[in-house]
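This report goes through a predicted model, taking up its strand pairing, its aromatic rings, its nonpolar cores and one of its helices in turn.

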Amino acid sequence: MEMQCTIFELDQDRFTRDQGGIADRHREMGQLALREAGLWVKSDGRVFWDENDANDAGTGHSGERPEIDRARLRDIFLDSIQSDSIQWNKKLIRVESAEAPDTEYNLRFADGVKVGFDLVVGADGTWSRVRTLLTDQLPFYSGISVIELKAMEVSAKKWWLSNLTGQGSCFMFDEGRALVCQRNGNDSIRVYAAVRQPET
């Protein structure tokens, strides 16, 4: 069943913001969603990492959650929709109950109001403006802060980091802190430094 919809996106365009690191595509979630949407990407058969080669035989995980660069995944989604079905640079302020009959919601943006929606799906992050329609629970600080860093041209400029990370990911843990290095495309590595600290 097809539904007419409009996507309101905070970013100014598809190239405005870095999309983050790689994402697992679990068989029963991400892979299923891509298949159902007709967006399944066939592989050419090359194996870049096999956890079975890392003495992980028998876990059954290696083929169930292949990784994909988030920017590439977003491109797949954006290329699959009509360009006029997305409106860029739309900062949602709040969702309001509509007064018109047969209409449930109006959307108040920083630059005005769009009216007449009977279904609103929110994918607007931690401080979601849509979540308040469903619950009064607010996000809370978990006790862990994560700083994201990115190194470019690592094979020439940061060869030590390139060697340490290898062709996939490298995880290092200590009491109250962690470091995660993740190989991305274009000869880059994304690093997440996590520390356990009070919110203040």
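## The antiparallel sheet

Three strands, in the order β5-β6-β7, make up an open sheet whose pairing is antiparallel. At its edges lie β5 (92-97) and β7 (112-117), each of which pairs on one side only, and neighbouring strands are turned against each other by 20° on average when direction is ignored. In general, the strands of a sheet pair through backbone hydrogen bonds, in either a parallel or an antiparallel manner.

Between β5 and β6 (residues 105-109), the antiparallel pairing runs over 5 bridges, and Leu92 has Phe109 of β6 as its bridge partner. The ring of Phe109 also has the charged end of Lys90 sitting over it, at 4.9 Å from the ring centre.

## Aromatic pairs

A search of the whole structure finds 3 aromatic pairs. One of them joins Phe8 and Phe117 in an edge-to-face arrangement, with 5.8 Å from centre to centre and 85° between the planes. This pair links distant parts of the chain, since Phe8 belongs to strand β1 (residues 7-8) and Phe117 to strand β7, 109 residues apart. Phe8 and Phe117 also form one aromatic cluster together with Phe109.

Why does the pair of Phe171 and Phe173 count as stacked? The centres of the Phe171 and Phe173 rings are 6.4 Å apart and their planes stand at 10°, so the pair is stacked; the cut-offs behind this are centres within 6.5 Å and planes under 30 degrees apart. Both Phe171 and Phe173 are exposed.

## Nonpolar cores

The largest nonpolar core has 7 residues in all, namely Ala151, Val154, Leu161, Cys170, Cys181, Ile189 and Val191. Within this core, Leu161 touches Ala151, Cys181, Ile189 and Val191, if residues up to four places away in sequence are not counted. Apart from the largest core lies another, of 6 residues, which includes Phe8, Leu92, Leu107 and Val130. As a general tendency, nonpolar side chains in soluble globular proteins are buried together.

Phe8 and Leu92 thus recur in this account: Phe8 is a member of the 6-residue core and of the aromatic cluster, while Leu92 belongs to that core and is bridged to Phe109 in β6.

## Helix α2 and its surroundings

In helix α2 (residues 70-79), the buried residues are Leu73, Arg74, Ile76 and Leu78. Which elements do the buried residues of α2 pack against? Their partners are α1 (27-36), β3 (67-69) and β4 (86-87).

Conventions. Residues are numbered from 1 along each chain as its sequence is written. This is a predicted model: local features need pLDDT of at least 70, side-chain atom pairs count only at pLDDT 80 or more; totals for chains, interfaces and linings use all residues. Side-chain values use heavy atoms; hydrogens and water are left out. Two strands pair if DSSP finds at least two bridges between them. Helices (H or I, at least four residues) and strands (E, at least two) are DSSP runs, numbered from the N terminus. Axes are lines fitted to C-alpha atoms, for helices over the stretch in contact, and angles run from 0 to 180 degrees between N-to-C directions. Rings of Phe, Tyr and Trp (its six-membered ring) pair if their centres lie within 6.5 Å; planes under 30 degrees apart count as stacked, over 60 as edge-to-face and the rest as tilted. Buried means under 20% relative accessible area, exposed over 50%, partly exposed in between (1.4 Å probe, protein chains only). A charge sits over a ring if NZ of Lys or CZ of Arg is within 6 Å of the ring centre and within 35 degrees of the ring normal. A nonpolar core is a set of buried Ala, Val, Leu, Ile, Met, Phe, Trp, Tyr and Cys residues joined through side-chain atoms within 4.5 Å. Contact means heavy atoms within 4.5 Å.
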